[in-house]
Amino acid sequence: MAETVACVRLYSDSSGESHFEDITFDMSSIQYAPPAPALDISDPIETSQCFWFRFPKDWSDAAHPSPRRQLFILLEGQVEGWTSQGDTRVFGPGDRLLMEDTTGKGHGARPLDGEAVALVIALSED
């Protein structure tokens, strides 16, 4: 059983520069839906909305901050993202990105090889 789940965090520092950071969420074995056997679950994260998100092919943006704290889970295709510092990552199906760069210079993104589809979960403000 997994002790953690990996996720990439995108955040802004006090100078407004965006960065990627590898983080994990701790998991605990819990009997979530008795009588089903226990499974691993993280602490809950308060959310406000959930929606589908599609990048059209050829879409690209040089820099924008995230409109809110949100969890971005890529389902189809590939998306290249980069920070204001020039760090680049490619996200594929199943990759998770906690987007917290709501201020500062933001990040850039573009789909690779056609459209990309994601599920976006808007997080409640702390």
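A contact here means heavy atoms within 4.5 Å. On that count, 67% of the contacts between residues at least 6 apart in sequence join residues at least 24 apart. Keep in mind that this is a predicted model. What you're looking at is a protein with 10 strands and 0 helices, and the notes below go from the overall picture down to Phe 53 and Arg 69.

**Overall picture**

- Reading along the sequence, you get strand after strand: β-β-β-β-β-β-β-β-β-β.
- The C-alpha trace spans about 50 × 35 × 25 Å along its principal axes.
- There are 126 residues in the protein, and 36% of them count as buried.
- The accessible surface comes to about 7,700 Å², with 50% of that belonging to carbon and sulfur atoms.
- On the charge side, the protein has 9 positive and 21 negative charges, and the mean positions of the two sets sit 6 Å apart.

**Phe 53 and its surroundings**

- Phe 53 belongs to strand S5, which covers residues 47-55.
- Its relative accessibility is 32%, so Phe 53 counts as partly exposed; the partly exposed class runs between the 20% limit for buried and the 50% limit for exposed.
- Once you set aside neighbours within four places in sequence, Phe 53 is in contact with Phe 72, Ala 116, Val 117, Ala 118 and Val 120.
- Glu 100 is 47 residues from Phe 53 in sequence, and their C-alpha atoms are 17 Å apart in space.

**Aromatic pairs**

- Searching the whole structure turns up 5 aromatic pairs.
- One of them is Phe 53 with Phe 55, an edge-to-face pair at 5.1 Å centre to centre and 70° between the planes.
- Phe 55 has a relative accessibility of 7%, so it counts as buried.
- Phe 53 also pairs edge-to-face with Phe 72, this time at 6.0 Å centre to centre with 80° between the planes.
- That second pair ties together distant parts of the chain, with Phe 53 in strand S5 and Phe 72 in strand S7, 19 residues apart.
- Phe 72 comes in at 6% relative accessibility, so Phe 72 counts as buried, whereas Phe 53 is partly exposed.
- Ring pairs join Phe 53, Phe 55, Trp 59 and Phe 72 into a cluster.

**Arg 69 and its polar contacts**

- Arg 69 lies in the loop between strand S6 (61-64) and strand S7 (70-83).
- With a relative accessible area of 16%, Arg 69 is buried, because buried means under 20%.
- The side chain of Arg 69 makes a polar contact of 3.1 Å with the side chain of Glu 100.
- At 3.2 Å, the Arg 69 side chain also reaches the backbone oxygen of Ser 124.

**Putting the two sites side by side**

- Glu 100 turns up in both stories: its side chain has a polar contact with Arg 69, and its C-alpha is 17 Å from that of Phe 53.
- Strand S7 is another shared landmark, since Phe 72 sits in strand S7 and the loop holding Arg 69 runs from strand S6 to strand S7.

How values were computed
Residues numbered from 1 in each chain as written. Heavy atoms only, no water. Helix = DSSP H or I, 4+ residues; strand = E, 2+ residues; numbered from the N terminus. Buried < 20%, exposed > 50% of the residue type's maximum accessible area, 1.4 Å probe, protein only. Areas by Shrake-Rupley, 256 points an atom, 1.4 Å probe, with all protein chains shown as cover. Lys, Arg positive; Asp, Glu negative; His and termini not counted. Charge placed at Lys NZ, Arg CZ, Asp CG, Glu CD. Polar contact = N/O pair within 3.5 Å; in protein donor to acceptor, adjacent residues only side chain to side chain. Phe/Tyr/Trp six-rings, centres within 6.5 Å; stacked < 30°, edge-to-face > 60°.
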